[in-house]
Amino acid sequence: MSLAAQTLATPALAEGVAAFQARAYDRALAVFEPLAEAGDPEAQAWLGALYAGGTGVPASLTKAFGWYRRAAEQGHGPAATNVGAMLAMGQGVAQDRAEGARWLERAAESGDVMAAYNLATLLAKGDGLPADPVRAAALYRSAAEAGHYPSQARLGHLYAQGIGVERDRIEAFAWLSLAAGHGVGTALNALEEIIKEMSAEEKREGAARAQARRTEPGRIAPIPA
């Protein structure tokens, strides 16, 4: 797309987003569709989201995948996350966990926290690719540090159990506390268990680390369920 076309598309795209937020889905579709057909990756990702959720159009994971993939092939990180997740889960496309992992890898490298979380989950389970708990822990940590609560819970669990990392009650306490504070039930349960093993000094240190790591949540791409 030429620079001039990108410039012209920007206000139109903003109009589509505003229409979506106002729940004027027919108008949002009318804006996103021609832009997507013209090759705008952001519009393609939005159109994929409309089809994934059946918002303003009949729900179609197949069409959603197609639009997400077109955006992802142009380097759109959140769309690449959705492509990877849909391939891994077999939603809208034949299941292919190895190919899904490759897309998640690309998106994670661009800094998308949901991609890091999903790729870590595949690596932790050895689901469709060789298990790599060390890499899984590193990916969970990158997403946890960006404020992704489920990743904080998973990382805390790994520290509590010594999986992919050296067992560390203080680190487990810190990450589980952050996740539990945002309503992640599994984190609260795990936190209650790890507290039983900790001294008062360890709890104070864990609380201090948790406080130092509080951050706003990172942008999370919606993955169709």
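This dialogue walks through a pocket, a nonpolar core and one alanine in a predicted model.

Student: How should I read empty space in a structure, and how much space lies in the second largest pocket?

Tutor: Rolling a probe the size of a water molecule over the atoms shows where empty space is left. In this model, the second largest pocket holds about 180 Å³ of space.

Student: Which residues lie nearest the centre of that pocket, and which helices supply its lining?

Tutor: The lining is made up of 11 residues, and A85, A88, M89, N118 and L122 are the ones nearest the centre. At least two lining residues come from each of α5 (77-89), α6 (97-109) and α7 (113-125), with α7 giving the most, at 4 residues. Sorted by class, the lining of the second largest pocket consists of 6 nonpolar, 2 polar and 3 charged residues.

Student: What should I look for in a nonpolar core, and how many residues has the largest one here?

Tutor: In soluble globular proteins, nonpolar side chains tend to be buried together. The largest nonpolar core in this model has 69 residues, and L47, V83, L139, A187 and I194 are those with the most contacts inside it. Once residues up to four places away in sequence are set aside, A187 touches A153, L176, A179 and A180.

Student: Is A12 buried, partly exposed or exposed?

Tutor: A12, which is found in helix α1 (residues 3-21), counts as partly exposed because its relative accessibility is 24%, and buried would require under 20%.

Student: Which residues does A12 contact beyond its neighbours in sequence?

Tutor: Leaving aside neighbours within four places, A12 is in contact with V31 and L35. The C-alpha atoms of A12 and A43 are separated by 9.8 Å, with the two residues 31 residues apart along the chain.

Terms used: Residues numbered from 1 in each chain as written. Predicted model: local features only at pLDDT ≥ 70, side-chain atom pairs only at ≥ 80, totals over all residues. Heavy atoms only, no water. 1 Å grid on protein atoms, 1.4 Å probe; cavity = no way out; pocket = protein on both sides within 12 Å on 5 of 7 lines; lining within 4 Å. Points joined across faces, edges and corners; volume = space filled by probe spheres on them. Nonpolar A, V, L, I, M, F, W, Y, C, P; charged D, E, K, R; others polar. Core = buried A, V, L, I, M, F, W, Y, C linked by side-chain atoms within 4.5 Å. Buried < 20%, exposed > 50% of the residue type's maximum accessible area, 1.4 Å probe, protein only. Contact = heavy atoms within 4.5 Å.
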